[in-house]
There are 2 protein chains.
Amino acid sequence: MTTQQLIEQIQLKKSFLCIGLDVDLTKIPQHLLELEDPIFEFNKAIIDATHDLCVSYKPNTAFYEAYGIKGWKSLQKTINYINENHPEIFTIADAKRGDIGNTSSMYAKAFFEDLNFDSVTVAPYMGKDSVEPFLAFENKHTIMLALTSNEGAFDFQTLETNGKELYKQVLETSKGWKNSENLMYVVGATKAEYFTEIRKIIPTSFLLVPGVGAQGGNLQDVCKYGMSENVGLLINSSRAIIYASNGENFTQKAREEAIKVKNEMEEILKSRF
Amino acid sequence: MTTQQLIEQIQLKKSFLCIGLDVDLTKIPQHLLELEDPIFEFNKAIIDATHDLCVSYKPNTAFYEAYGIKGWKSLQKTINYINENHPEIFTIADAKRGDIGNTSSMYAKAFFEDLNFDSVTVAPYMGKDSVEPFLAFENKHTIMLALTSNEGAFDFQTLETNGKELYKQVLETSKGWKNSENLMYVVGATKAEYFTEIRKIIPTSFLLVPGVGAQGGNLQDVCKYGMSENVGLLINSSRAIIYASNGENFTQKAREEAIKVKNEMEEILKSRF
């Protein structure tokens, strides 16, 4: 999917919601556990109930790997289900990979070719040659960690280096990498003021924003400081939507939660564009 | 496996060699491709030919994920084969994972419980709460990236921060994390003098050292500057050993290459202990 197609989907659906599919067998409705592939069945039900309200789904690979081969099968069935039934959805493999060049190429193959995701999240610590192999794929997107929403973000990401915080250096340096137009960035929502500074460095890049809702971030503030002329935001919500209920009515409750966020987004888009 | 058991294996085998199982179907002997699981058959043959010469095997997960479910099965069969036949071997899942707390817990489950590796490599960018879930596992080891051997290492890892390079800050900060005695570190071999500074910060921690041989690092220098009183080094070699030949004689050639490295290590150990 091209960035332009993603922008068109946002305009069409009046939503820039990304739903995180972090499926934990201890948290899903118990009646699903009797089925052969509870993780896939849960995802399928959530997708059926919410695909018109969001522009993106983001399975977190950890939650699939934890169940071994069975989990990897659930991941494959989930991405295939989305690609076959909702090709307009922007898919994100939340994998946070990154390794030396030939190894990153293998990861890129895994997520862009074998699984056919539109994008994958990567970590910046190993630098240019650990990320460029991902950037080489046309119409695929590489979403690099910049400033995350967890407590540990302040261990290294905000350390002063060359007179600026490390995450700003990461943003600036990455702009010079080959095919950097295929970069998006993870920026947590916990401190909305950071977005002002970030937008000075990357005015139009798409930002994947976790941490709205459950982790305390505020949608209005994130949009106020972080929205670009092309929207430029994908706001992720995982637990607040997919675990809105763990009863028989879980799809209905997930839909209700997604509608709430989508309506708020529609209002914001109306006021801005 | 405990650190003490690893040290005993090094003393017993007179080797601190780790063999990287980065299996690429385009590089293995072509006659293996006719078999049902060429990746596993290749690994099994390499393990059978070298297990008395090394103390560790390190499959790199990217090379398995690139082949989807089939690859994940090969990985599982490989780790099971090692654990069943050579339980004295220290196994490393070279996965370079790292995510927010509950997600890192899932990765830890994947590698420590589901696959039963002794250790896993992780990236430090997301800080304390992205690594501590791994450290919580008893007798399991978390090998964190500090200074890598690739070109991109100099993009961020060596930036000056708080008056010291970032990788040194990473080492120092991590010493304060809960169960930090379960930490080991990845330190590339490309600049052996770095080890002197690193040993001032972490005098006894085990270091996993890639980049000897193919990437230009020198074993003598690494040992001179990096060896601790408990050896404290695992030197990784992947391509130079496993791809020593891609003919029918590949196991024999791999063994010959492993013997060369092992003999050099034995000499070094003799001169030091």
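Lys44(B) lies in helix H2 (residues 38-50) of chain B; helices (H or I, at least four residues) and strands (E, at least two) are DSSP runs, numbered from the N terminus. At 28% relative accessibility, Lys44(B) counts as partly exposed, where buried means under 20% relative accessible area, exposed over 50%, and partly exposed in between (1.4 Å probe, protein chains only). The C-alpha atoms of Lys44(B) and Ile242(B) are separated by 11 Å, with the two positions 198 residues apart along the chain.

This is a predicted model, in which local features need pLDDT of at least 70 and side-chain atom pairs count only at pLDDT 80 or more, while totals for chains, interfaces and linings use all residues. Residues are numbered from 1 along each chain as its sequence is written, chains are lettered from A and ligands numbered from 1 in the order in which they are written, and side-chain values use heavy atoms, with hydrogens and water left out.

The contact between the two chains can be followed along helix H4. The axes of H4(A) and H4(B) come within 10 Å and cross at roughly 170 degrees, the axes being lines fitted to C-alpha atoms, for helices over the stretch in contact, with angles that run from 0 to 180 degrees between N-to-C directions. That makes H4(A) roughly antiparallel to H4(B), since angles over 145 degrees count as roughly antiparallel, under 35 as roughly parallel, 65 to 115 as roughly perpendicular and the rest as oblique. Gly68(A), Ile69(A), Trp72(A), Lys73(A) and Gln76(A) on one helix meet Gly68(B), Ile69(B), Trp72(B), Lys73(B) and Gln76(B) on the other, contact meaning heavy atoms within 4.5 Å.

Aromatic rings also meet here. Over all chains, the structure holds 17 aromatic pairs; rings of Phe, Tyr and Trp (its six-membered ring) pair if their centres lie within 6.5 Å, and planes under 30 degrees apart count as stacked, over 60 as edge-to-face and the rest as tilted. Trp72(A) and Trp72(B) form a stacked pair, 5.0 Å centre to centre with 10 degrees between the planes. This pair crosses between chains, from helix H4 (residues 68-85) of chain A to helix H4 (residues 68-85) of chain B. Both Trp72(A) and Trp72(B) are buried. Ring pairs link these two residues with Phe111(A) and Phe111(B) into a cluster.

The Phe111 residues appear again in the nonpolar interior. A nonpolar core is a set of buried Ala, Val, Leu, Ile, Met, Phe, Trp, Tyr and Cys residues joined through side-chain atoms within 4.5 Å. Of the 202 residues in the largest such core, Phe16(A), Phe111(A), Phe16(B) and Phe111(B) touch the most other members. Helix H12 (residues 250-272) of chain A gives the largest share of this core, seven residues. Leaving out residues up to four places away in sequence, the contacts of Phe16(A) include Ile10(A), Val55(A), Leu219(A), Met227(A), Ile235(A), Met265(A) and Leu269(A).

Helix H6 (residues 128-135) of chain B is mostly covered, with six of its eight residues buried. These are Ser130(B), Val131(B), Glu132(B), Pro133(B), Phe134(B) and Leu135(B). They pack against strand E3 (90-97), helix H5 (101-114), strand E4 (119-122), strand E5 (141-147) and strand E8 (183-187) of chain B.

Charged pairs complete the tour. The whole structure has 33 salt bridges over all chains, a salt bridge being a side-chain nitrogen of Lys or Arg within 4 Å of a carboxyl oxygen of Asp or Glu. Glu197(A) forms one with Lys168(A), the closest N and O atoms being 3.4 Å apart. This pair links distant parts of the chain, 29 residues apart, from helix H9 (residues 194-201) to helix H8 (residues 166-174) of chain A. Glu197(A) is partly exposed, with a relative accessible area of 32%, whereas Lys168(A) counts as buried at 12%.

In helix H12 of chain B, Lys260(B) and Glu257(B) form a salt bridge with the closest N and O atoms 2.9 Å apart. Being three residues apart, these two are separated by about one helical turn. Lys260(B) is exposed, with a relative accessible area of 53%, and Glu257(B) is partly exposed at 24%. Elsewhere, salt bridges that share partners join Lys58(A), Asp94(A), Lys96(A) and Asp99(B) into one network.
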